[in-house]
Amino acid sequence: MNRFWSALLIFLWFFELQVVLFSQEPGISFSSVPPLGSEGNLTGKVHNVSPADHGVAVYIFVQGWWNKPSFAAPLTPIGSNGAWTCDIVSAGADSVARKVAAFLVPKDYQPPLLEGTAVLPHELFENSLATLQAARRSENAFSFSGYDWDVKTSGSFGFGPGPNVFSDDPENVWVDEEGKLHLKITYRDGVWNCAEVVSFRSFGYGTYRFYVESALDELDANVVLGLFTWSDDPAYAYREIDVEIAKWSNPSDPTNAQFVVQPWNNPGNLARWTIPPGAAPTTHSFDWEASEIRFESHNGEVQLPITEPPVISQWNYMGNDIPVPGDEQVRMNLWLVNGLPPTDGQEVEIVISRFAFIPSTLPEPDLTSVDLNEDGLVIRANGQPQLFYFLESASGLEDWEEIDSRVVDETEIQFTVPVSPDSENKFYRIRVPDQ
């Protein structure tokens, strides 16, 4: 055997040894995470440890972290095959806990007992051999504006803001055949039910733009429409940045909206303004950067770079409370101040036609295919939902001319160029302009 093959075999043997060694690391996995609102057990498996010498410390997040199944039994035993099962619905609002966490720990370790703690203690991570967290999703989770969203539910309990009962019933949150999001406050069985949706992903720095189809100037004085970011971690005031349409139970207030950087009660962190009568649709946005947050609301649909309707209000914040990105998510909610019913006793519905996120640095489209069929030249690329794209052509590699444009609903961008045997040879490109 020559030196090359000997060296290759040694390398392969070494690589295989590394894989075997790596595979022996302790691990933990979930077999089943019950959906939000259900009463099923959390199940999982551990790997590469002695089940008899270890246990699983389970926590759920329901307005804070709590031990499961109980304080009296903070460790879940592990079966001889590595499988474990934990009852995570043993009291109160457990069925609507939004997150679960599991820690593989030595059997003689005493996990901390938590009663609604905002953040899991560092000692859990320091003493665990492996950790795992997961979100529990509503069975009515949905897609809107090219992104995936969850629906908040509080069961029969009052949760903040408010407090209110939040429902994931399709009567409270749904997307219609035109792809528009409906948020509705309903009255069922003697209870007012509010609505809130939460993005699956975190976006970070960039522009958050909300397109509201409904008229907002006559929103009931006890009703709040919130368009905002939120993190369950209290750091940086929960990373909350808000556009809120509300009179806060004061019908005589001449203003009906506000821009906020939390904490709202710090001087200079809130600007009140007014949506004028008849303004619909409206577009509301905030551009979140490291040194500044720029808020704007427009009377009409912003379709940059094509149209920019009249500005209703704008505000630049450069104070000390600008959060840094973390695990924040986008939220949209419709709720009642202090849980009070609408002053007229009527249900309330708001329609949001689109949500768009524009990153601080716009990503270039990623060309995926070019095909020729009976319709012409079909050019496809991957982009970002709800952004505006141009198709341009040129005879050379300069003097580009726009020949088509569109806002894409999903991630795929597709342009079709009619061609014929005598068509002039052209170069084509897809470009994303400033939004």
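This briefing describes the overall make-up, open and enclosed spaces, ring contacts and selected residues of one protein chain. The model is predicted. The chain has 435 residues, of which buried residues make up 47%. Its secondary structure comprises 3 helices and 31 strands.

**Overall make-up**

- The C-alpha trace spans about 80 × 70 × 45 Å along its principal axes.
- Taking the contacts between residues at least 6 apart in sequence, 65% join residues at least 24 apart.
- One example of a wide separation is the pair Ser369 and Gln24, which are 345 residues apart in sequence and 42 Å apart in space, C-alpha to C-alpha.
- Glu412 and Thr368 are 44 residues apart in sequence, and their C-alpha atoms are 9.1 Å apart in space.

**The largest pocket**

- The volume of the largest pocket is about 710 Å³.
- Its lining consists of 30 residues, and those closest to the pocket centre are Lys152, Gly160, Pro161, Trp230 and Glu240.
- Four elements give two or more residues to this lining: strands β17 (223-230), β18 (241-245) and β24 (329-336), together with helix α3 (235-238).
- Sorted by class, the lining of the largest pocket has 14 nonpolar residues, 8 polar and 8 charged.

**The second largest pocket**

- The second largest pocket holds about 270 Å³ of space.
- It is lined by 17 residues, with Arg98, Lys99, Ala135, Asp232 and Gln329 the closest to its centre.
- At least two lining residues come from each of β11 (147-151) and β15 (191-199).
- The lining of the second largest pocket has 8 charged residues, 6 nonpolar and 3 polar.

**The cavity**

- The structure holds 1 cavity of 30 Å³ or more.
- The largest cavity contains about 80 Å³ of space.
- Residues that line the largest cavity include Arg209, Tyr211, Val302, Gln303, Leu304 and Arg354.
- Also in this lining are Ile358, Gln386, Leu387, Phe388, Val407 and Gln435.
- Strands β16 (206-212) and β25 (348-359) each contribute at least two residues to the lining of the largest cavity.
- By class, this lining has 7 nonpolar, 3 polar and 2 charged residues.

**Rings and charges**

- There are 26 aromatic pairs in the structure.
- One of them joins Tyr187 and Trp192, whose ring centres are 4.8 Å apart.
- The Tyr187 and Trp192 pair counts as tilted because the angle between the planes is 45°, which falls between the limits of 30 and 60 degrees.
- Tyr187 is partly exposed, at a relative accessible area of 43%, whereas Trp192 is buried, at 16%.
- Arg354 lies over the face of Tyr211, 4.2 Å from the ring centre, and both residues are among those that line the largest cavity.
- At Phe200, the charged end of Arg137 sits over the ring, at 3.8 Å from its centre.

**Ser369 and Glu412**

- Ser369 is part of strand β26 (residues 366-373).
- Ser369 has a relative accessible area of 23%, so it counts as partly exposed, the cut-off for buried being under 20%.
- Beyond residues up to four places away in sequence, Ser369 touches Val378, Ile379 and Arg380.
- Glu412 belongs to strand β30 (residues 412-417).
- The relative accessibility of Glu412 is 44%, and it too is classed as partly exposed.
- With residues up to four places away in sequence left out, Glu412 touches Arg380, Ala381 and Asn382.
- Arg380 is thus touched by Ser369 and by Glu412.

**Ser393**

- Ser393 is found in strand β28 (residues 388-394).
- Ser393 counts as buried because its relative accessibility is 5%, under the 20% cut-off.
- Apart from neighbours within four places in sequence, Ser393 is in contact with Asp399, Trp400, Glu401 and Ile403, and also with Lys426, Phe427 and Tyr428.

Notes:
Residues are numbered from 1 along each chain as its sequence is written. This is a predicted model: local features need pLDDT of at least 70, side-chain atom pairs count only at pLDDT 80 or more; totals for chains, interfaces and linings use all residues. Side-chain values use heavy atoms; hydrogens and water are left out. Buried means under 20% relative accessible area, exposed over 50%, partly exposed in between (1.4 Å probe, protein chains only). Contact means heavy atoms within 4.5 Å. Rings of Phe, Tyr and Trp (its six-membered ring) pair if their centres lie within 6.5 Å; planes under 30 degrees apart count as stacked, over 60 as edge-to-face and the rest as tilted. A charge sits over a ring if NZ of Lys or CZ of Arg is within 6 Å of the ring centre and within 35 degrees of the ring normal. On a 1 Å grid over the protein atoms alone, a cavity is a set of points where a 1.4 Å probe fits but cannot get out, and a pocket is an open set with protein on both sides within 12 Å along at least five of seven lines; lining residues have an atom within 4 Å of a point. Grid points are joined across faces, edges and corners, and a volume is the space filled by probe spheres set on the points. Ala, Val, Leu, Ile, Met, Phe, Trp, Tyr, Cys and Pro count as nonpolar, Asp, Glu, Lys and Arg as charged, and the others, Gly among them, as polar.
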